[in-house]
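Colleague: Please give me a close look at a single part of this model, taking one residue as your starting point and working inward from there. I am new to this, so please go slowly.

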Amino acid sequence: MANAAAQAAAPQAAAPQAAPQPFAPHDWKSVRAQFLLRPDYAHLSNFFFASNPTPVREAIAKYRKAFDENPYNFLDDNMFERDQDMLWRQVCAAAAEYTGGQPHEIALTSSTTMGLALIYNGLRLKPGQEILTTTHEFYPHHESIRLACDKWGASWRKIPLYESSLNFSADKAIARIRAAIRPHTRVVGVTWVHSNTGVRLPIAEVAAVIKDLNRNRDEADRILLVVDGVHGFGVADEDVAKMGCDFFSAGTHKWILGPHGTGIIWGKAESWKHVQPTIPSLMAPETEDAWRQERPPHGPTEAAWISPGGFFAYEHQWATVEAFRFVRQIGRKRIQDRILELNGQIKEGLARMKHVTLHTPLDPAVSAGIVTFDVQGYKPKDVVRILRDNRVVASATPYAVPHVRLSAGIVNFPKEIDKALKVIRSLA
Ligand SMILES: Cc1ncc(COP(=O)(O)O)c(C=O)c1O
């Protein structure tokens, strides 16, 4: 031990360092070089909690230093002093650009979970109204719905959109949603990319059904579409603001590769009025003015009223701008194509193995960056452990019926997928 410690402490001759290359967004090797990911591992779970690229790390470090040097003035100058200087506005602008929406349609959260909770807790439901959702949602979505129903005296119902995810049919899923909506259904809650099966739901088509059913409804009873969008956001080349949903919650610490503890809600401008704020905001002058003047806030709820206050880890929140810039530089379409190609390689490799049951559809139109499967004779967590022993990072899905999950992102290369497939092949 003493020797090891002495060795670790001994000064080492500095290895000659290659001059850092400028970032070349069209070159996947250059993209990967922006991450500190250990090169001896195949990181096929980077979607779970992003490793941040250089510009994001540098922005976090820059803000952190400024806070450490003079926290009061740095916060006051950038958060409170002059409205136009507020850095959170730049985050909303970057998020709006990425979603194809407007800055005033964006609320800033700390995660997908927080966004879902703020929406459901705030949607004013009348007793007797119901929330319709699916059996494919992850825990924070179901739990937000359950808590909201308890609070508002509403009810909720879960329907399956498919029995076999491998043979997922978008048309059948949409037809099931249409058939399940009842006169007292006020909210439909779905997930864009299901994290237990990898199915990608066509949100625009769900929205079209809801629009059709809303034709004869009053605004107060209009069906609202809420989307847990986290595993499509940063993967699919689609403008969230044009998909037709009312609210879309996504963490930006997964596929957007942003700082940990960051996320957004995009909401249709005319839908925010249905949401009652849960947490006092520091981004809405009107709510603070109202408090000072001892009156209720004037006007309908705006997105900024939903952005939770209390001080945040602003070095993270503000550095999210750099994450949006990074993925924009590479290009949303190129990212989508790369992710579909790499995950296609995973699926095709697994589909050829007789001892593997693949759950994710092969069709890239109804899948994205998540591939789930089971290996005959092994529990998912045992497969994950064996992969880890072989320096492949996979995950076991945290659902009632868990599966093994592999996920390739823009940090990956085909040879890493070959390595993962080789280990799984050896389990036959
Ligand atoms: C479908 C889905 N929704 C929400 C979450 C939670 O996201 P967050 O950590 O941003 O709250 C996850 C986690 O991976 C997920 O798979």
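**From one loop residue to the inside**

Modeller: With a relative accessible area of 34%, Arg 391 is partly exposed, since that label covers values between the 20% below which a residue is called buried and the 50% above which it is called exposed. Please keep in mind throughout that this is a predicted model. Arg 391 sits in the loop that runs between helix H14 (380-389) and strand E11 (392-393), and its phi angle is positive, near 60°, although the residue is something other than glycine.

A second residue with a positive phi makes a useful companion to this one. Glu 294 is not a glycine either, and its phi is about 50°. Glu 294 belongs to the loop between helix H10 (285-292) and helix H11 (303-306), and its relative accessibility is 76%, a value for which it counts as exposed. The loop between H10 and H11 also holds His 298, which is exposed as well, with a relative accessible area of 52%. To place His 298 in space, you can compare it with Lys 415: the two are 117 residues apart in sequence, and their C-alpha atoms are 58 Å apart.

As for the wider setting, the unreviewed UniProt entry carries the annotation "domain: Aminotransferase class V" for residues 53-394. In the model, that span is 43% helix and 13% strand, and the C-alpha atoms at its two ends lie 21 Å apart.

Let us now go inward, beginning with the pocket. The largest pocket has a volume of about 380 Å³, and among the 19 residues that line it, those closest to its centre are Thr 135, His 136, Asn 196, Thr 197 and Tyr 399. Sorted by class, its lining consists of seven nonpolar, ten polar and two charged residues. Where does the largest pocket lie with respect to domain 1 and domain 2? Residues of its lining come from both domain 1 (23-44 + 331-425) and domain 2 (68-328), and therefore the pocket lies between them.

Asn 196, which is one of the residues closest to the centre of that pocket, can also be set against Arg 157. These two are 39 residues apart in sequence and 20 Å apart in space, from C-alpha to C-alpha. Arg 157 itself has its place in strand E4 (residues 155-159) and is buried, with a relative accessible area of 17%. His 194, found in the loop between strand E5 (185-191) and helix H9 (203-214), counts as buried at 1% relative accessibility. The C-alpha atoms of His 194 and Asp 228 are 9.3 Å apart, while the two residues are separated by 34 residues in sequence.

The structure also has enclosed spaces, for it holds three cavities of 30 Å³ or more. About 110 Å³ of space lies in the largest of them, which is lined by 16 residues, with Asn 46, Trp 255, Leu 257, Gly 409 and Ile 410 closest to its centre. The lining of this largest cavity is made up of eight nonpolar, seven polar and one charged residues, and both domain 1 (23-44 + 331-425) and domain 2 (68-328) contribute at least three residues each to it.

The second largest cavity contains about 40 Å³ of space. Its lining is formed by Val 91, Leu 108, Thr 109, Thr 252, Thr 262, Gly 263, Ile 264, Gln 317 and Thr 320, and the elements that give two or more residues to it are strand E2 (106-109), strand E8 (263-267) and helix H12 (314-330). By class, three of these lining residues are nonpolar, six are polar and none is charged.

Helix H12 leads us to the last stop, the nonpolar interior. The largest nonpolar core has 89 residues, and Leu 225, Phe 248 and Trp 318 are the ones with the most contacts inside it. H12 gives the most to this core, namely nine residues. Because domain 1 (23-44 + 331-425) and domain 2 (68-328) both give residues to the core, it lies between them.

Definitions and conventions:
Residues are numbered from 1 along each chain as its sequence is written. This is a predicted model: local features need pLDDT of at least 70, side-chain atom pairs count only at pLDDT 80 or more; totals for chains, interfaces and linings use all residues. Side-chain values use heavy atoms; hydrogens and water are left out. UniProt positions are given in the numbering used here, feature names are shortened, and annotations may be inferred rather than shown by experiment. Helices (H or I, at least four residues) and strands (E, at least two) are DSSP runs, numbered from the N terminus. On a 1 Å grid over the protein atoms alone, a cavity is a set of points where a 1.4 Å probe fits but cannot get out, and a pocket is an open set with protein on both sides within 12 Å along at least five of seven lines; lining residues have an atom within 4 Å of a point. Grid points are joined across faces, edges and corners, and a volume is the space filled by probe spheres set on the points. Ala, Val, Leu, Ile, Met, Phe, Trp, Tyr, Cys and Pro count as nonpolar, Asp, Glu, Lys and Arg as charged, and the others, Gly among them, as polar. Domain bounds come from an automatic or database domain assignment. A nonpolar core is a set of buried Ala, Val, Leu, Ile, Met, Phe, Trp, Tyr and Cys residues joined through side-chain atoms within 4.5 Å. Buried means under 20% relative accessible area, exposed over 50%, partly exposed in between (1.4 Å probe, protein chains only).
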